[in-house]
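Open the model in your viewer and keep the sequence panel beside it. The stops below are given in the order in which to select them.

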Amino acid sequence: MSTSTRAAVLVESGRGLPYAESAPIEIATLRLDPPGPGELLVKVGAAGLCHSDLSVINGSRPRPLPMALGHEAAGEVVAAGEDAEFEPGDHVVLAFVPACGSCERCVGGRPALCGPGARANGAGTLLGGGMRFTAEDGTRPFHHLGVSAFSEYTVVSSRSAVKVDRDLPYEIAALFGCAVLTGAGAAFYSAGVQAGDSVAVFGLGGVGLAALLAAKAAGAGTVVAVDVVPSKLELALGLGATHAVTGGEDAVEQVRELTGGGAEKVIDSTGVVPVLEQAYAATRPGGTTVTVGLPEPGKPVSLPALSLVAEERTLRGSYLGSSVPRRDVPRFIGMYRSGALPVDALLSHRLTLDEVNAGFDRLHAGEAVRQIIVP
């Protein structure tokens, strides 16, 4: 039996700001087909607004349209298809890479790079290739990163889901599907922050602040937070940053001065190429620069190539924080419960589904950290 659901559907990318007026996202009533083998019907409890959604809305990362948006979420399993590994009543966090579990990269411990998952995400389908949404006019909205969480209900591959404790509030649990996996994973795994390291974080959205929290949890010494928004710098200081630097032309020199010649580990969460170049310049010889933001496809980065050899520098990309969701979502939740990762501080706004366009205006303007939709 199909399910009726209200969902936020992106009908056109690249419309002008403010989105509250141009309304690229429409709230539509969709028919949702039941889950197939290895799939779950999930009642969405909370979903977060992320720059990865914004990059689809503004057209910098083209996706097939119309598309039911949203990729960071938590909810309750309502129905499970055959061989789905979950039961109705299970609470789950949804990860935006549906790792197949059997390809070379999954078997090698790098599920964020799953080939079948990447192909499905690019095509706007579920992992098995299917589509489950149908609009009243008969069109079939595509799925966003296998999740499509800006909806009362959604169907996902069970490979997108991680079971969590039922007592964890949805609005907290949702953060672990993207912001925490990506940011904390970038600090722990991609950058390998160790006790005493000097760390700089460029960009203080949900991902950047999660990276900052993880760096502190790893025992980093000097932690420099860099952003252009004063309120985010103030928040970073409250979360344990030792210094705050206003982004801009002088940021690199300030980071160098504060860290004695450059930070050992620098994380860029902005997806802005000039900021990535600054992050690299703010890294000391022998250090590691990690980038987790998604720049526009085809944008080149300019770096002094000699420094990679003569200074033994490392530039590393990080997708999903180089995390393994089924291992790391429970691990990071445990750290949250112990007080080591106070990610509830990332929540800045709570929205209804009908406020989604205005929410992305706020995100574009840098006026929010993590906004959560409660359908």
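In which sense, right-handed or left-handed, does H6 pass H7 in their crossing? Select both helices in this predicted model and look along the line that joins them. The crossing of H6 past H7 is right-handed. Helix H6 covers residues 179-190, and its axis comes within 7 Å of that of H7, at a crossing angle of roughly 45 degrees. Because of that angle, H6 counts as oblique to H7.

**The largest pocket**

Keep H7 selected, since helix H7 (206-217) also gives two or more residues to the lining of the largest pocket. The space in this pocket comes to about 1,000 Å³. Its lining has 48 residues; to find the centre, select His51, Ser269, Thr270, Gly271 and Val272, which are the closest to it. Next, colour the other elements that give two or more residues to this lining: helix H2 (51-57), strand S12 (223-227), helix H10 (273-281) and helix H13 (356-364). If you colour the lining of the largest pocket by residue class, 23 residues come out nonpolar, 20 polar and five charged.

**The second largest pocket**

Move on to Arg110, Leu113, Ser318, Tyr319 and Ser322. Of the 15 residues that line the second largest pocket, these lie nearest its centre. The volume of this pocket is about 220 Å³. Its lining divides into six nonpolar, seven polar and two charged residues.

**The cavity**

Keep Tyr319 on screen, because the next stop uses this residue again: Tyr319 is part of the lining of the largest cavity. Add Ser52, Ser55, Val56, Arg61, Arg63, His144, Leu145 and Leu294 to complete that lining. How many cavities of 30 Å³ or more does a search of the whole structure find? The search finds one. The largest cavity holds about 70 Å³ of space, and its lining residues divide into four nonpolar, three polar and two charged.

**The five-stranded sheet**

Now hide the side chains and show the strands. Five of them make up an open sheet with mixed pairing, in the order S7-S2-S1-S4-S8. Which strands stand at the edges? Strand S7 (133-135) and strand S8 (142-143) do; each has a single partner strand, so one side of each is left without a neighbour in the sheet. Zoom in on S7 and its pairing with strand S2 (residues 25-32), which is antiparallel and runs over three bridges. To find a facing pair there, select Arg31 and Thr134: Arg31 stands opposite Thr134 in S7.

**Backbone details**

Three loop residues remain to be selected.

- Pro18 is in the loop between strand S1 (3-10) and helix H1 (19-22). The peptide bond that leads to Pro18 from Leu17 is cis, with omega near -5 degrees.
- Ala23 sits in the loop between H1 and S2. Its phi is near 50 degrees, which is a positive value in a residue other than glycine.
- Pro66 is found in the loop between H2 and strand S4 (67-68). The bond from Leu65 to Pro66 is a cis peptide bond, with omega near -5 degrees.

Terms used
Residues numbered from 1 in each chain as written. Predicted model: local features only at pLDDT ≥ 70, side-chain atom pairs only at ≥ 80, totals over all residues. Heavy atoms only, no water. 1 Å grid on protein atoms, 1.4 Å probe; cavity = no way out; pocket = protein on both sides within 12 Å on 5 of 7 lines; lining within 4 Å. Points joined across faces, edges and corners; volume = space filled by probe spheres on them. Helix = DSSP H or I, 4+ residues; strand = E, 2+ residues; numbered from the N terminus. Nonpolar A, V, L, I, M, F, W, Y, C, P; charged D, E, K, R; others polar. Pairing = 2+ DSSP bridges. Axes fitted to C-alpha atoms, helices over the stretch in contact; angles between N-to-C directions. Parallel < 35°, antiparallel > 145°, perpendicular 65-115°, else oblique. Left-handed = near helix turned anticlockwise from the far one by under 90°.
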